[in-house]
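This report goes through the strands, the nonpolar cores and a group of side-chain contacts in one protein chain. The sequence and the structure are shown first.

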Amino acid sequence: MLRGTSHLTLSGLTFAETNGGDNFHPEGVEGVGAMFAMPGWKYCGDAVLLVVAEDCRIEHNRFVNIGGNAVYLKGPSARNRICGNEISYVGACGVCLAGAEAKEAYPVFNEVVDNRIQHTGTMNMYSAGIFLGLSEGNVVGHNAIRHVPHHAINLGNTGRSRNIVEYNEIRYTCLETSDTGAINCWMEHDA
């Protein structure tokens with residue numbers, strides 16, 4: 001976990017063989033809709049977790065055989081770039097951006113671009129290739145997302161979550177569930 005980090009670059013690394021668990025969001029995260037953490041269940045964890053991070057780069061890495069999420073941005077993380085990564089055979093989500101305990105503390109102005117994401121949700125089929133919970137002003141673009149059990153991109157919508165999704169190549173989604181689409185969005189109850 002990297003907390004309060006700024007101007008850090010992680011590049012050219014391989015992350016592999018991490019632990020898994022039942023929940024793919026930690027308790028207390030806002031804006032994740034029906035995917036909220038179940039009390040008493042184990043959190044799957046993340047290969048890279050950024051909390052309140054600014055201007056960091058996670059680029060040109062390889063995430064393979066991850067038990068939980070590959071990359072998770074939590075809380076008021078801003079202007080980070082997740083780019084050019086290979087993410088495959090991940091137990092939960094490829095990339096997550098989600099708000100923290102306070103509705104005012106959420107990821108803003110981050111970029112998730114040019115990643116190759118495939119075979120996510122190997123342990124939790126209700127996860128996504130890219131999951132945006134409570135977040136705003138983020139760009140999800142030019143990613144190739146393939147072979148996912150649920151949705152490729154999830155947009156948790158709270159009435160403030162204005163994110164840009166553009167030029168992604170999405171193939172072979174909803175392979176294990178039928179209650180979703182390639183790009184999924186819902187409105188939170190208290191928006």
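## Basis of the description

Two strands are said to pair if DSSP finds at least two bridges between them. The model described here is a predicted one.

## The sheet from β3 to β18

By that criterion, β3 and β6 pair over three bridges, in the parallel sense. Within this pairing, A16 is opposite V64 of β6. The two strands belong to an open sheet of six strands, ordered β3-β6-β9-β12-β15-β18, and the pairing in it is parallel. The edges are taken by β3 (14-16) and β18 (169-171), each of which has a single partner strand; one side of each is therefore left without a neighbour in the sheet. On average, and with direction ignored, neighbouring strands of this sheet are turned by 5° against each other.

Further into the order, β6 and β9 pair over four bridges, again in the parallel sense. V64 stands opposite S88 in β9. Strand β12 (residues 116-118) is joined to β9 by three bridges, and these two strands run parallel. The bridge partner of S88 in β12 is Q118. A row of opposed residues can thus be followed from A16 to V64, from V64 to S88 and from S88 to Q118.

## The sheet from β2 to β17

Another open sheet of six strands has the order β2-β5-β8-β11-β14-β17, with parallel pairing. Here β2 (9-11) and β17 are the edge strands; each has a single partner strand, so one side of each has no neighbour in the sheet. The average turn between neighbouring strands of this sheet, direction ignored, is 5°.

At the β2 edge, three bridges connect β2 with strand β5 (residues 57-59) in the parallel sense. T9 is placed opposite R57 in β5.

## The aromatic pair

How many aromatic pairs does a search of the whole structure find? It finds one. The ring centres of F15 and F63 are 4.8 Å apart and the ring planes are at 5°; planes under 30 degrees apart count as stacked, so this pair is stacked. The pair links distant parts of the chain, with F15 in strand β3 and F63 in strand β6, 48 residues apart.

Are the two residues buried or exposed? Buried means under 20% relative accessible area. F15 has a relative accessibility of 17% and therefore counts as buried. F63, with a relative accessible area of 0%, is buried as well.

## Nonpolar cores

F63 also appears in the largest nonpolar core, which has 28 residues; I58, F63, V71, V95 and I130 touch the most other members. At least two residues of this core come from each of β4 (46-51), β6 (62-66), β7 (69-74), β9 (86-90), β10, β13 and β16 (151-157). Another core, of 15 residues, lies apart from it and includes F24, C44, V51 and A92.

V95 shows the kind of contacts involved. With its neighbours within four places in sequence left aside, V95 is in contact with V71, I82, I87, V112, I117, G129, I130 and F131.

## Strand β13 and the loop after it

Strand β13 (residues 128-132) has five of its five residues buried, so it is largely enclosed by the rest of the structure. Strand β10 (residues 95-98) runs parallel to β13 and is joined to it by three bridges. L97 is opposite L132 in β13.

S135 is in the loop between β13 and β14 (139-141). This residue is buried, at a relative accessible area of 1%. Its side chain makes polar contacts with the side chain of N138, at 3.5 Å, and with the side chain of N163, at 3.2 Å.

## N163

N163 is located in the loop between β16 and β17 (164-166). Its relative accessibility is 18%; the limit for buried is under 20%, so N163 counts as buried. Not counting residues up to four places away in sequence, N163 touches L132, S135, E136, G137 and N138. Besides the side-chain contact with S135, the side chain of N163 reaches the backbone nitrogen of G137 at 3.4 Å.

How far apart are N163 and F15 in space? Their C-alpha atoms are 28 Å apart, and the two residues are 148 residues apart in sequence.

Methods
Residues numbered from 1 in each chain as written. Predicted model: local features only at pLDDT ≥ 70, side-chain atom pairs only at ≥ 80, totals over all residues. Heavy atoms only, no water. Buried < 20%, exposed > 50% of the residue type's maximum accessible area, 1.4 Å probe, protein only. Polar contact = N/O pair within 3.5 Å; in protein donor to acceptor, adjacent residues only side chain to side chain. Core = buried A, V, L, I, M, F, W, Y, C linked by side-chain atoms within 4.5 Å. Contact = heavy atoms within 4.5 Å. Axes fitted to C-alpha atoms, helices over the stretch in contact; angles between N-to-C directions. Phe/Tyr/Trp six-rings, centres within 6.5 Å; stacked < 30°, edge-to-face > 60°.
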